[in-house]
Amino acid sequence: MADTPVNWPFTPSPLAIDIVGAQGCHLHARDGRKILDAAGGAMVVNIGHGRREPGEAMARASSAVSYVIPPFVTPQRMQLAERLQRDWLPPGFTRLHLSSGGSEAVETAIKLARQHHFAKGDTGKWKVIGRDLSYHGATVATLEIGGHAARRAPVAAMARETPKAPPHYCLRCPLGKTYPTCDVACADEVEAIILREGPDTVAGVIAEPVVGSSGGALEPPPGYWRKLRAICDRHDVVLIADEVVTGFGRTGVRFASEGEGALPDIIATAKGMSGGYAPIGGTFATERIAEPLERTGDAPMFYTFSAHPAACAAADAVLDILSKEDLMARARVMGDRLGARLQRLKQHPNVAEVRGRGLLRAIEIVRDRETLERFPAEANITMKVLNGGLAENVYFYPGGTGAQRDVIVLAPPFIVTDAEIETMCAVLERAIDRAVEGDSLSSRA
Ligand SMILES: Cc1ncc(COP(=O)(O)O)c(C=O)c1O
């Protein structure tokens with residue numbers, strides 16, 4: 001380490017662990033600890049840590065073409081684009097824009113929805129309707145359309161606020177209803193907002209098919225996406241799926257929206273696209289979305305590092321491994337096993353719910369399982385569970401939005417083994433026990 005103190009991260013964080021290596025499902029800390037990566041970083045790592053192929057592909061790409069502006073064609077760009085279209089993108093997704101991560105991919109998606117209408121001459125259509133408890137990125141615009149109250153608060157004054165629809169959060173339905181008698185009323189709320197705002201002002205609707213960390217692996221009730229699709233069609237509104245977390249097999253299928261039987265118009269994705277080996281994001285759209293822009297000679301603006309040759313090469317190598325080693329099928333199988341093992345935590349007096357799909361799972365911790373009373377924010381349960389996990393060398397991801405809290409996310413690499421699943425679940429249980437210790441409502445039967 002340098003002798004001069006260096007400020008990293010920007011402000012002190014309890015998660016500033018010194019990692020010098022990583023292999024498989026483990027992070028290697030400078031002090032010699034091997035930490036089980038039960039969260040795949042930030043729900044990113046899929047093929048596992050320490051594979052040589054992506055790095056070697058990046059080295060070859062960098063020595064061949066270090067940089068050219070994104071509209072230029074390079075072998076790495078073309079190879080990735082071909083692979084995406086051949087193996088990964090749902091039918092009809094013929095237009096590709098690449099960026100450096102999820103926020104940029106989502107920001108491109110919402111601008112594209114707006115540009116689509118603008119190019120058609122529908123210049124009044126600009127609003128993008130998001131949902132509470134969703135996270136879409138850290139730029140001002142993506143924070144605005146997201147429902148992450150704590151992260152949005154400091155920049156709220158800088159953005160034009162648009163209304164948010166209620167999430168599909170059946171454990172605590174914001175509409176006070178119960179599935180299936182609710183008839184998926186939370187989707188109808190999206191239409192109510194469009195009608196209230198005026199359909200000629202609404203450009204798009206954005207949703208995560210399975211809400212990632214902010215809600216804690218909230219699955220849509222059956223029929224939700226089909227309803228969203230019909231609502232968007234009725235009002236000429238572009239449907240955007242934020243698949244930054246769920247894309248590229250994380251939920252056991254290529255894209256979670258595809259599994260819902262209703263394709264969006266635009267998919268924004270990142271994380272698993274390169275499995276963490278390089279920063280890259282993608283925004284994919286159908287011909288129908290691109291057609292008006294093509295007519296007017298418009299295009300989504302590129303970022304300087306869009307489609308960076310080395311990042312494309314890394315993503316191509318990772319997607320190749322995912323296919324050749326059939327890791328998406330493995331995510332399904334191991335996801336079911338993780339889900340089954342987590343079900344045992346449901347006996348815990350402080351676990352309100354175990355949720356999720358594939359290798360995107362979460363548990364919600366409460367003070368009182370009967371009333372769903374949360375622990376007070378000051379109890380800092382999430383950080384206590386995280387620290388409890390780290391004390392036993394397991395890393396979990398902290399979910400929630402501030403108001404939504406004490407959600408712990410598990411999203412291990414797709415190569416996770418049964419033994420590793422057992423370790424992370426056993427450690428999680430003990431970490432919860434320790435975090436709630438001393439609370440009179442929490443005593444085990
Ligand atoms: C659903 C979702 N969308 C967008 C983003 C933003 O992605 P990034 O952090 O790569 O900018 C995230 C990040 O966690 C996310 O979870």
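Which strands does helix 8 lie across? Helix 8, residues 224-234, lies across three elements: strand 5 (127-131), strand 7 (202-207) and strand 8 (238-242). Against strand 8, the helix runs at about 145°. Before I go on: this is a predicted model.

Now the sheet under that helix. Seven strands make up an open sheet, and the pairing is mixed. Read across, the order is 4-10-9-8-7-5-6. Look at the two ends. Strand 4 (93-99) and strand 6 (164-165) are the edge strands. Each has a single partner strand, so one side of each is left without a neighbour in the sheet.

Take one pair from the sheet. Strand 9, residues 266-269, and strand 10, residues 281-286, run antiparallel. Four bridges join them. If you want a residue to click on, try Ile 266, whose bridge partner in strand 10 is Ala 285.

Helix 8 has company. Helix 3, residues 75-88, lies across strand 4 and strand 10. With strand 4, helix 3 makes an angle of about 135°.

Next, the domains. The protein is divided into two. Domain 1 comes in two pieces of chain, 19-50 and 326-443. Domain 2 covers 52-325. Taken over C-alpha atoms, the centres of the two domains are 26 Å apart.

How many residues of domain 1 are in contact with domain 2? There are 39, and they meet 41 residues of domain 2. The area buried between domain 1 and domain 2 is about 3,300 Å². Carbon and sulfur atoms give 55% of that area. There is charge pairing too: three salt bridges are found across this interface.

On salt bridges, here is a pair to find on screen. Glu 219 forms one with Arg 357. Their closest N and O atoms are 2.6 Å apart.

Now the backbone. Two prolines deserve a look. Start with Pro 9, in the segment before strand 1 (19-23). The peptide bond from Trp 8 to Pro 9 is cis, with omega near -5°.

Then Pro 180. A cis peptide bond joins Tyr 179 to Pro 180, with omega about 5°. Pro 180 sits in the loop between strand 6 and helix 7 (185-197). Is Pro 180 buried or exposed? Pro 180 has 56% relative accessibility. The cut-off for exposed is over 50%, so Pro 180 counts as exposed. One distance for the same residue: the C-alpha atoms of Pro 180 and Glu 364 are separated by 22 Å. Along the chain, those two are 184 residues apart.

Last, two residues with positive phi that are not glycines. Ala 217 has a phi of about 50°. Ala 217 lies in the loop between strand 7 and helix 8. So how accessible is it? Ala 217 has 1% relative accessibility. Buried means under 20%, so Ala 217 counts as buried.

The other one is Asn 393, with a phi of about 65°. Find Asn 393 in the loop between helix 13 (381-391) and strand 13 (394-395). Its relative accessibility is 24%, so Asn 393 counts as partly exposed.

To look at afterwards: the edge strands 4 and 6, the salt bridge of Glu 219 with Arg 357, and the cis bond at Tyr 179 and Pro 180.

Technical notes. Residues numbered from 1 in each chain as written. Predicted model: local features only at pLDDT ≥ 70, side-chain atom pairs only at ≥ 80, totals over all residues. Heavy atoms only, no water. Pairing = 2+ DSSP bridges. Contact = heavy atoms within 4.5 Å. Axes fitted to C-alpha atoms, helices over the stretch in contact; angles between N-to-C directions. Buried < 20%, exposed > 50% of the residue type's maximum accessible area, 1.4 Å probe, protein only. Domains from an automatic or database assignment. Buried area = accessible area lost by both parts, 1.4 Å probe. Salt bridge = Lys/Arg side-chain N within 4 Å of Asp/Glu carboxyl O.
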